[in-house]
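Trainee: Could you take me through the salt bridges in this one, slowly, and show me where the partners sit?

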Amino acid sequence: MIHYLHREQNIPGTLNEVWDFFCDPLNLNTITPGDMNFEIVAGGDAKMYEGQMIEYRVEFIRGVRSLWLTEITHVRDREYFVDEQASVRTGFGIMNTFSRRRQAESR
């Protein structure tokens, strides 16, 4: 069974500002809660591109660190990107999609 969780968030800024922010993997540290002890291990040193692999550690449960791998599978500049994540240990996977709404075009 596949479960879906849909969330929307309005982010103040122009499309270019928001896109550039999300295209820099180092900004994952900024948007991840501090108590998750997020740490990029490898692959976060370049602007996002299709096929990019980013390895990181994150603490979902206090004191239990997990190694995860993210692959950027699709990028359409200034429209959307898809990153697929999997726990290296368990194989548990998550797929995230970032997309802009049409209202952003007028900015």
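Mentor: Sure, but a bit of vocabulary before we zoom in: helices (H or I, at least four residues) and strands (E, at least two) are DSSP runs, numbered from the N terminus. With that in hand, the protein reads α-α-β-β-β-β-β along the sequence, so to speak two helices and five strands. Keep in mind that this is a predicted model, where local features need pLDDT of at least 70, side-chain atom pairs count only at pLDDT 80 or more, and totals for chains, interfaces and linings use all residues. Residues are numbered from 1 along each chain as its sequence is written, and side-chain values use heavy atoms, with hydrogens and water left out.

Now to the pairs. Side chains of opposite charge can pair when their charged atoms come close. The rule here asks for a side-chain nitrogen of Lys or Arg within 4 Å of a carboxyl oxygen of Asp or Glu, and it gives three salt bridges.

Start with Asp20 and Arg78, whose closest N and O atoms are 3.4 Å apart. This pair links distant parts of the chain, with Asp20 in helix α1 and Arg78 in the loop between β3 (64-76) and β4 (80-87), 58 residues apart. How open are they? For the wording, buried means under 20% relative accessible area, exposed over 50%, and partly exposed in between (1.4 Å probe, protein chains only). Asp20 is partly exposed at 38%, and Arg78 is partly exposed too, at 23%.

Arg78 has another partner: Asp77, with 3.9 Å between the closest N and O atoms. Asp77 counts as exposed, because its relative accessible area is 52%. Put together, Asp20, Asp77 and Arg78 form a network of salt bridges.

While you're on α1 (residues 15-22), look at its buried residues: Leu15, Val18 and Trp19. They sit on the same side of the helix, because they cover an arc of only 100° around the axis, going by the directions from the helix axis to the C-beta atoms.

That leaves Arg65 and Glu39, with their closest N and O atoms 3.2 Å apart. Arg65 belongs to strand β3 and Glu39 to strand β1 (residues 39-42), so this bridge ties together parts that are 26 residues apart in sequence. Both ends are partly exposed, Arg65 at 33% relative accessibility and Glu39 at 36%.

For the wider backdrop, buried residues make up 27% of the 107 residues in the protein.
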